[in-house]
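Please look over the sequence and the fold before reading on. The paragraphs below go through selected strands, helices and cysteines in turn.

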Amino acid sequence: MRVVIVTESFPPDVNGVAHCALQTARHLVDRGHAPVVVAPAPAPGHKPDASAPCPVVHVPSLPLPGYPQVRVALPSRRLAATLVEHRADVVHLASPFVLGVRGMAAAARLGIPAVAVYQTDLAGYARTYMGAGEAAAWRRIRSVHGAADLTLAPSTAALRDLETHGVPRVELWPRGVDTARFRPDRRDEALRRELAPNGEVIVGYVGRLAPEKQVELLAGACGLDGVRVVIVGDGPSRPGLEQALPGAVFLGRRTGDDLARVFASLDVFAHTGPFETFCQTVQEAMASGLPVVAPAAGGPLDLVAQGHTGLLVPPRDATAVRDAVRALAADPALRAAFGAAGRATVEGRTWAAVGDRLIGHYANVLAGRRTAVAA
């Protein structure tokens, strides 16, 4: 198949949309298909990812006001031209919002089937950043995804939300995890001594530092005796979080094997954001053999088995986060049991297995189009 992946973000960006688009392109190449990626151009001074497995077409972009790490694509003829020149069989729309909306329109004009991948809780972001606008966000989601031949939801909670708000033709497509990179034996005792020189239990968060992630909920954990909180990532909330989380260690952005080493060197992984449609870092933590504390909302509901691989807590409840961390910090045997169960749970969730499911979705969409034409 000849596939054009239209994505709102792509490496060198570090986020779930970029990572999933990259893994999708890699798998398509591995299976003998021909993908091309269309993405916003990276910020000046940031080189495109040289490890991209296929051609990448960059369209002009500008930084999102107030969040310069996010690039927003400008109108460009390169998108439609790429669909034509590549002779696309299917258009893959990764978290369509700006560039993806144009990709949907171009696919419709050219009669090319489109598969839209839902990855971003726009309604939750509207509540966080504007205090309102949730209904408008759902109208946009319904309009964009309703035009697709198929929408793929990453979790049962996301699928339920989409169907509840009137989005048709929705199926489940979860995410894979690199179990060869993220694994318990990457634990680094020298790093642990550096992070926790007094032998503290290390509780880590990995992800963007932005308001919707609500990392400030870890403030209570910072006050626990014998606990060291470690924050991995960057974003506009970092200065405020450095004030809100006294004693926490901020490591900044980490990637690749370095990130895997940090993950494996933690004792507990804590995620705080209530708007995750999937939550890839939870899977990476489980692959690293860590017990997980996460909100009982969105994607983590599919990933964390309460009392087996981790502890689910009420969303936005700082006290519940603190108490869950305290319980795990006090019980090394429980941490070990949860961590081992988490690793066993994700061992079959490889990107290859998930990628094959995606190719099956493409094939079903193409078969449906052929059937409709024949009728």
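Which residues of strand 14 point one way, and which the other way? The model is a predicted one, and in it strand 14 covers residues 292-295. V292 and A294 point to one side of this strand, V293 and P295 point to the other, and all of them are buried. In a regular strand, side chains alternate between the two faces of the sheet.

The neighbours of strand 14 can be taken one at a time. Strand 13, residues 268-270, runs parallel to strand 14 and is joined to it by two bridges. Within this pair, F269 lies opposite V292 of strand 14. The connection between the two strands passes through helix 11 (residues 280-287), and the resulting β-α-β crossover is right-handed. Strand 14 also pairs with strand 15, residues 310-313, in the parallel sense, here over four bridges. In strand 15, V313 is the residue opposite P295.

Helix 11, the helix of that crossover, also packs against helix 14 (residues 332-346), with the two axes 7 Å apart and at an angle of about 115°. Helix 11 is therefore roughly perpendicular to helix 14. On the helix 11 side, the residues that meet helix 14 are Q283, M286 and A287. Their counterparts in helix 14 are G339, G342, R343, T345 and V346. An α-helix has 3.6 residues a turn, so residues three or four places apart point the same way.

Helix 10, residues 256-264, has L259, A260, V262, F263 and A264 buried. What covers these residues? The cover of helix 10's buried residues includes helix 7 (189-195) and helix 11. It also includes strand 10 (201-206), strand 11 (227-232), strand 12 (249-252) and strand 13. Strand 13 and helix 11 thus appear here again, as parts of that cover.

The beginning of the chain can be read in a similar way. Strand 1, residues 2-7, is mostly covered, with five of its six residues buried. Strand 1 runs parallel to strand 2 (residues 34-40), and five bridges join them. R2 has A34 of strand 2 as its bridge partner. Together with helix 1 (residues 16-30), these two strands make up a right-handed β-α-β unit. Strand 1 also pairs with strand 6, residues 90-94, in the parallel sense and over five bridges. In that pairing, V4 has V91 as its bridge partner.

How many disulfides does a search of the whole structure find? The search finds zero. For C54, the closest cysteine sulfur is that of C20, and at 14 Å it is too far away for a bond. C54 counts as buried because its relative accessibility is 11%, under the 20% cut-off. C222 has its closest cysteine sulfur in C279, 19 Å away, which is also too far for a bond. C222 is buried too, with a relative accessible area of 16%.

One glycine remains to be placed. G368 belongs to helix 15, residues 351-374. Is G368 buried or partly exposed? With a relative accessibility of 37%, G368 counts as partly exposed. Its C-alpha atom is separated by 9.0 Å from that of D149, although the two residues are 219 residues apart along the chain.

Conventions. Residues numbered from 1 in each chain as written. Predicted model: local features only at pLDDT ≥ 70, side-chain atom pairs only at ≥ 80, totals over all residues. Heavy atoms only, no water. Disulfide = S-S within 2.5 Å. Buried < 20%, exposed > 50% of the residue type's maximum accessible area, 1.4 Å probe, protein only. Pairing = 2+ DSSP bridges. Right-handed = clockwise from strand over helix to strand, strands pointing away. Axes fitted to C-alpha atoms, helices over the stretch in contact; angles between N-to-C directions. Parallel < 35°, antiparallel > 145°, perpendicular 65-115°, else oblique. Contact = heavy atoms within 4.5 Å.
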